Amino acid sequence: MPGASDLFNEEQRQAIVKAIAVAERATSGEIRVHIEDHSKGDALTRAKYHFHGLKMDRTALANGVLIYLAVKDHTFAIIGDKGINEKVPADFWDTIKNKMEAAFREGRFTEGLCEGIAMAGEKLKEHFPAASGDKDELSNEVSFNR
Ligand code: CA
Ligand code: CA
């Protein structure tokens, strides 16, 4: 099983960054992808830890979304800030997660991530359409730690 930073080659990493940039054109929401080998504790708890660590809880509209993957544990989670969670139905993240899971099972990690990002963007724009002068509040780069 490849580790966090070598699961994606440069081209694939760029594809993910581009998917985030495209999604963020339509919404003021901020999407990030964070990848590590192992999750300390369950993926959801760990995602919350990184959400805070990446300062994703500081967006103006509280509309950051983190897709977190622990690649060697074969687990992942998607979480959003309170601004989103107040507005969306309870199954908002599950729909995206299920779609990504299907791709991951087939070994299509980059495609699965890009699909998840696009779906998150589609849904975010309904509640948080892009406004003029919208800033890129959080980097679109994929972040890693081991
Ligand atoms: Ca933005
Ligand atoms: Ca961004």
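This passage walks through the two calcium sites, the nonpolar cores and one helix pair of a predicted model.

Start with the calcium ion (ligand 2). Its donors are two OE atoms of E24, an OE atom of E30, an OD atom of D136, the backbone O of L138 and OD1 of N140, at 2.2 to 2.6 Å. Along the sequence these donor residues follow the spacing E-x5-E-x105-D-x1-L-x1-N. The angles among the 6 donor atoms run from 52 to 172°, and the site comes out as irregular. For six octahedral donors, the ideal angles would be 90 or 180 degrees. Both glutamates of this site, E24 and E30, are buried.

The calcium ion (ligand 1) picks up its protein donors from E30 (OE), D134 (OD) and K135 (O), which sit 2.2 to 2.7 Å away from the ion. Here the sequence spacing reads E-x103-D-K. The two sites are linked: E30 bridges the calcium ion (ligand 1) and the calcium ion (ligand 2), and the ions are 5.6 Å apart. E30 belongs to strand β1 (residues 30–36), while K135 is in the loop between α5 (109–127) and β4 (143–145), so this pair ties together parts of the chain that are 105 residues apart in sequence. The two residues contrast in their exposure. E30 has a relative accessible area of 1%, which makes it buried, whereas K135 reaches 60% and counts as exposed.

Away from the ions, the largest nonpolar core holds 30 residues, and I16, V33, L69, L113 and I117 are the ones that touch the most other members. Two or more residues come from each of α1 (10–25), β1, β2 (64–70), β3 (75–80), α4 (92–105) and α5. V33 gives a good idea of how these parts meet. Leaving aside residues up to four places away in sequence, V33 is in contact with I16, I20, L66, I67, L69, L113, I117, E141, V142 and S143. A separate core of 11 residues lies apart from the largest one, and its members include A43, Y68, A77 and L138. L138 also turns up as a backbone donor to the calcium ion (ligand 2).

The helix pair comes last. The axes of α1 and α5 are 9 Å apart and cross at an angle of about 10°, so α1 runs roughly parallel to α5. On the α1 side, the contact is made by Q12, A15, I16, A19, I20 and A23, and these meet T110, L113, C114, I117 and G121 of α5. Three of the core residues named above, I16, L113 and I117, thus appear again in this helix contact.

Terms used
Residues are numbered from 1 along each chain as its sequence is written. Chains are lettered from A and ligands numbered from 1 in the order in which they are written. This is a predicted model: local features need pLDDT of at least 70, side-chain atom pairs count only at pLDDT 80 or more; totals for chains, interfaces and linings use all residues. Side-chain values use heavy atoms; hydrogens and water are left out. Donors are N, O and S atoms within 2.8 Å of the metal (3.2 Å for Na, K and Ca); water is not among the atoms, so sites may look incomplete. Four donors count as tetrahedral if all angles lie between 85 and 135 degrees; four count as square planar and six as octahedral if opposite donors are over 155 degrees apart and all others between 65 and 115; anything else is irregular. Buried means under 20% relative accessible area, exposed over 50%, partly exposed in between (1.4 Å probe, protein chains only). Helices (H or I, at least four residues) and strands (E, at least two) are DSSP runs, numbered from the N terminus. A nonpolar core is a set of buried Ala, Val, Leu, Ile, Met, Phe, Trp, Tyr and Cys residues joined through side-chain atoms within 4.5 Å. Contact means heavy atoms within 4.5 Å. Axes are lines fitted to C-alpha atoms, for helices over the stretch in contact, and angles run from 0 to 180 degrees between N-to-C directions. Angles under 35 degrees count as roughly parallel, over 145 as roughly antiparallel, 65 to 115 as roughly perpendicular and the rest as oblique.
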